[in-house]
Amino acid sequence: MDTLLKTPGRFSCLGEAFYSHVTPEPLPDPYLVSVNESLAGELGLDAQHFRDKATLELLAGNRVTDQMQPLSMLYAGHQFGHFVPQLGDGRALMLGELRDRHGALWELQLKGAGMTLYSRSGDGRAVLRSTIREYLGSEAMHGLGIPTTRALCIVGSDEEVYREQIETAAVLARLAPSHLRFGSFEVFYYRDQHEPLQVLGDYLLAHHYPALRDEENPYLALFREVVSRTARLLAQWQLVGFAHGVLNTDNMSMLGLTLDYGPYGFLDAYDPGFICNHSDHEGRYAFDRQPAIGRWNLTCLAQAMLPLFAEEAERAVEMAQDALDAYESAFMDCYSQGMRAKLGLTVRREEDHRLVTGLLDIMKGQAADYTRTFRALADFRTEDEGASCPAADEFRDRDAFRAWAKGYAARLRGEGSQDEARRRAMNRVNPKYVLRNYLAQQAIAQAQNGHYGEIERLRKLLAHPFDEQPGNQAYAAVPPDWADSISVSCSS
Ligand code: AMP
Ligand code: MG
């Protein structure tokens with residue numbers, strides 16, 4: 001690890017207008033809670049070494065080598081619709097960059113390694129519970145093929161941290177090619193500092209969007225690409241039933257990654273109005289509002305990037321508007337295509353929209369489990385019009401399902417769909433396993449008692465969410481009744 005973190009990283013070259021140096025606060029007697037062996041392998045690191053004292057001290061923030069210059073990034077953000085002029089990494093710091101086996105560079109951040117210049121009233125710490133949620137959440141998303149920051153390991157300590165109750169501290173090591181956010185631009189725009197905006201734009205173009213440098217207007221091309229990636233990301237979330245929980249602009253990635261896992265949740269029973277964050281009283285970030293919020297956040301980013309698009313303000317606004325207008329169709333293309341794949345349809349038809357909403361409506365009416373229903377639909381037989389399909393078991397009123405199934409069967413026959421080929425294709429897009437809240441909660445409860453096996457088990461399970469995994473059927477079951485009583489909030 002020491003030898004891999006050779007440079008403080010490319011971001012640190014930008015200068016102190018963009019971050020502040022920070023000295024991590026030592027975490028007493030750190031121990032390994034979990035290491036992501038497969039990610040360690042991709043980085044050419046031996047997971048065995050994560051138990052070594054020297055490595056643990058480094059990953060806890062207790063040891064900073066000469067090559068590192070830990071820094072916390074500056075940003076602003078619209079939080080629940082209100083602009084906050086200065087946020088920044090309040091409990092995250094970047095140690096430097098790692099190179100993976102393919103030569104790609106990754107920023108290595110420690111989350112929970114103590115106070116920074118941007119901690120405001122926070123303590124700079126993360127609790128074991130929240131690091132486990134981010135660790136498993138990001139690896140579950142990666143397993144599903146959804147762009148995300150990655151999680152390398154969790155280091156724990158017996159140090160007490162006070163949230164709603166006393167908990168223990170932990171540090172999460174996370175990785176991303178860049179942790180830049182929409183808010184990284186907003187902070188300079190609202191300070192009326194246009195030069196750093198350009199520096200950020202150039203930085204992203206040079207290191208993360210090199211193909212766009214030759215465009216006529218590279219900054220506009222960059223924004224268009226962020227619009228497109230964000231639209232696709234949001235579509236992927238909706239397709240898999242993921243609610244982020246705190247979709248503030250400071251949690252929106254300039255690379256289109258799922259970023260900052262807090263009170264997120266995967267749908268159990270299908271409820272479009274699902275609010276996973278108990279602090280979100282108005283439901284601003286409810287599941288079905290996410291796509292619109294994605295666009296709202298992009299509007300904030302567009303505003304902050306205006307000075308880069310054109311000198312003349314009016315012209316810049318026109319350009320931004322035009323770029324933003326591509327959001328809906330980019331979202332819908334990805335979402336409709338994804339929904340067709342979830343239903344095993346290979347041909348595109350106008351009426352498919354009705355077929356999809358028809359299914360979602362009865363799922364909503366009967367609180368059918370989102371993941372299980374789609375997964376079970378793979379075993380639909382056209383010949384019996386779904387009479388033998390296990391998806392019917394997800395509905396209390398099977399007649400509603402049967403009525404829908406008739407139309408579905410007709411649609412499948414219309415494109416000459418073959419049951420077996422369709423079954424295989426559907427099982428590649430409808431996961432059998434998602435990180436249900438209660439599963440994460442079980443791993444957390446055990447970890448709080450010093451048993452970390454369930455974290456490892458879930459990480460491995462969720463790395464292959466589309467596989468049947470015969471020994472793990474229980475993880476695909478409907479959640480137990482107590483799952484309803486779990487409450488997640490911003491406190492982490
Ligand atoms: P979030 O929306 O949870 O990603 O965090 C919003 C802001 O609060 C970010 O600037 C975080 O760095 C900061 N923050 C969250 N928790 C803490 C903490 N325990 N100590 C310091 N800052 C924090
Ligand atoms: Mg955040």
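A pocket is an open set of grid points with protein on both sides within 12 Å along at least five of seven lines, and its volume is the space filled by probe spheres set on those points. The exercises below concern a predicted model.

**Exercise 1.** State the volume of the second largest pocket, and describe its lining.

*Solution.* With the definition above, the second largest pocket comes to about 620 Å³. Turning to its walls, one counts 28 lining residues, and those nearest the centre are Asp268, Ala269, Pro479, Ala483 and Asp484. Strand E12 (265-266) and helix H14 (437-448) each contribute at least two residues to this lining. Sorted by class, the lining of the second largest pocket holds 16 nonpolar, 4 polar and 8 charged residues.

**Exercise 2.** Describe the largest pocket, and identify the element that gives the most to its lining.

*Solution.* The space in the largest pocket is about 910 Å³. Its lining is made of 38 residues, with Gln79, Arg91, Arg120, Cys490 and Ser492 lying nearest the centre. Two or more of the lining residues come from each of helix H3 (128-143) and strand E10 (166-176), and H3 gives the most, with 3 residues. By class, the lining of the largest pocket has 11 nonpolar, 15 polar and 12 charged residues.

**Exercise 3.** Find the protein donors of the magnesium ion (ligand 2), and decide whether they are buried or exposed.

*Solution.* A donor must be an N, O or S atom within 2.8 Å of this metal; Asn251, through OD1, and Asp260, through OD, lie 2.0 to 2.1 Å from the ion. Both Asn251 and Asp260 are buried, that is, under 20% relative accessible area.

Technical notes
Residues numbered from 1 in each chain as written. Chains lettered and ligands numbered in written order. Predicted model: local features only at pLDDT ≥ 70, side-chain atom pairs only at ≥ 80, totals over all residues. Heavy atoms only, no water. Donors = N, O, S within 2.8 Å, 3.2 Å for Na, K, Ca; no water. Buried < 20%, exposed > 50% of the residue type's maximum accessible area, 1.4 Å probe, protein only. 1 Å grid on protein atoms, 1.4 Å probe; cavity = no way out; pocket = protein on both sides within 12 Å on 5 of 7 lines; lining within 4 Å. Helix = DSSP H or I, 4+ residues; strand = E, 2+ residues; numbered from the N terminus. Nonpolar A, V, L, I, M, F, W, Y, C, P; charged D, E, K, R; others polar.
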